[in-house]
Amino acid sequence: MPVFAANLTMMFNEWAFLDRFDAAAEAGFAAVEYLFPYEATPEAIAERLARNDLQQALFNLPPGDWAAGKRGIAALPGRFDALKADVERALDYAAATGVRRLHLMAGIADPHDEDAASCYRRSVTYAAGRLAEKGIDLLLEPINGRNMPGYFLNDFGAAERLIAECGLPNLKLQFDIYHRQIIHGDVTMALRRLLSITGHIQIASVPSRNEPDGEELNFAYLFGEIDRLGYDGFVGCEYIPRGHTLDGLGWFKPFARS
């Protein structure tokens with residue numbers, strides 16, 4: 001049975017960030033993820049995880065100035081020193097939370113630009129190497145251009161090729177089913193083919209990015225397929241509730257921790 005991680009950036013927004021850990025545990029989640037932890041202290045997050053017996057499934061390395069439109073700096077020329085500092089900052093939170101997978105955002109850049117491609121490969125190689133020293137996987141996530149126009153890594157094939165070319169055992173794919181359906185479709189066959197390099201799965205309905213209970217995809221079938229394939233990682237619930245978070249958890253009841 002999939003182990004679902006509540007995404008505390010998108011879900012449980014009726015509570016303050018640290019209180020979302022309590023709310024997610026009360027709702028039956030055994031794990032949590034979120035985009036960024038950096039506005040809270042590592043110690044505060046660690047306390048909420050321990051208090052609620054929650055596992056930390058995933059979070060992102062710092063993305064640059066998010067409010068100014070930055071969506072990562074890995075593919076941006078001239079930002080390598082900043083990236084190295086960001087890796088160390090993320091590792092402080094990883095040590096406190098026990099997380100075993102971190103996502104590196106690429107940034108807004110032309111994927112056909114040779115300088116951007118070179119910077120990205122260098123950043124990925126460095127970050128994966130540094131995280132490997134701590135037993136942590138580095139994840140790469142293709143993101144669709146409708147939600148994030150101009151994002152550098154916008155193709156699953158490009159991510160697959162880079163992972164193969166780098167040949168680093170802790171470099172994995174973050175397979176977001178929502179992004180996959182929008183970019184390429186063919187979700188089930190892609191899961192079957194790419195599961196061996198997949199370190200994390202995320203879900204949301206398509207096209208609305210709401211609860212995984214309808215629209216284009218048959219999530220009951222996909223959850224069964226994930227089990228059939230033997231996936232033993234987390235499935236992140238990176239969706240925007242239609243209304244109050246708790247009112248939209250009917251789909252989750254069969255999977256909730258008692």
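P42, I45, A46 and L49 of helix 2 meet D92, Y93, A96 and T97 of helix 3, where contact means heavy atoms within 4.5 Å. By class, that contact has six nonpolar, one polar and one charged residues. The classes work like this: Ala, Val, Leu, Ile, Met, Phe, Trp, Tyr, Cys and Pro are nonpolar, Asp, Glu, Lys and Arg are charged, and the others, Gly among them, are polar.

A quick word on what you're looking at: this is a predicted model, where local features need pLDDT of at least 70 and side-chain atom pairs count only at pLDDT 80 or more, while totals for chains, interfaces and linings use all residues. Residues are numbered from 1 along each chain as its sequence is written, and side-chain values use heavy atoms, with hydrogens and water left out. Helices (H or I, at least four residues) and strands (E, at least two) are DSSP runs, numbered from the N terminus.

## The annotated region

UniProt, in an unreviewed entry, places the feature "domain: Xylose isomerase-like TIM barrel" at residues 21-253. UniProt positions follow the numbering used here, with feature names shortened, and annotations may be inferred rather than shown by experiment. Over residues 21-253 the chain is 38% helix and 14% strand. The C-alpha atoms at the two ends of that stretch are 18 Å apart.

## Helix pairs

Here are three helix pairs side by side. Axes are lines fitted to C-alpha atoms, for helices over the stretch in contact, and angles run from 0 to 180 degrees between N-to-C directions.

| Pair | Angle | Axis separation |
|---|---|---|
| Helix 1 (17-26) and helix 2 | about 15° | 9 Å |
| Helix 2 and helix 3 | roughly 25° | within 8 Å |
| Helix 7 (187-194) and helix 8 (219-228) | about 15° | 11 Å |

Those angles make helix 2 roughly parallel to helix 3, a label for angles under 35 degrees (over 145 is roughly antiparallel, 65 to 115 roughly perpendicular and the rest oblique). Helix 2 passes helix 3 in a right-handed crossing. A crossing is right-handed if the near helix is turned clockwise from the far one by less than a right angle, and left-handed if anticlockwise.

Helix 1 and helix 2 are also roughly parallel to each other, and their crossing is right-handed. On the helix 1 side the contact is made by F17, L18, D19, F21 and D22, and on the helix 2 side by A44, I45, R48, L49 and R51. Those residues divide into six nonpolar, no polar and four charged. I45 and L49 appear here, and they turn up in the contact with helix 3 too.

Further along, helix 7 and helix 8 run roughly parallel to each other, again with a right-handed crossing. V187, T188, L191 and R192 in helix 7 meet Y221, L222, E225, I226 and R228 in helix 8. That contact has five nonpolar, one polar and three charged residues.

## Backbone oddities

Most residues other than glycine have a negative phi, and most peptide bonds are trans. With that in mind, have a look at the loop between strand 7 (198-203) and helix 8, which holds P207. The peptide bond from V206 to P207 is cis, with omega near 15°. R209 sits in the loop between strand 7 and helix 8 as well, and its phi is near 60°, a positive value in a residue other than glycine.

D53 also has a positive phi, near 50°. D53 is in the loop between helix 2 (42-51) and strand 3 (55-60).

Which of these is buried and which exposed? R209 is buried, at a relative accessible area of 12%, whereas D53 is exposed, at 60%. The cut-offs are under 20% relative accessible area for buried and over 50% for exposed, with partly exposed in between (1.4 Å probe, protein chains only).

## A few residues to click on

A94 lies in helix 3 (residues 80-97) and counts as buried at 2% relative accessibility. Not counting residues up to four places away in sequence, A94 touches F59, V99 and I136. A94 and P142 are 48 residues apart in sequence and 23 Å apart in space, C-alpha to C-alpha.

T245 is in the segment after strand 8 (234-237), and T245 is buried too, at 2% relative accessibility. What does T245 touch, not counting residues up to four places away in sequence? The partners are M11, F12, N13 and E14.

Finally, D137 lies in strand 5 (residues 137-140). Leaving aside neighbours within four places in sequence, D137 is in contact with R100, R101, L102, L131, N170 and K172. The C-alpha atoms of D137 and G157, 20 residues apart along the chain, are separated by 20 Å.
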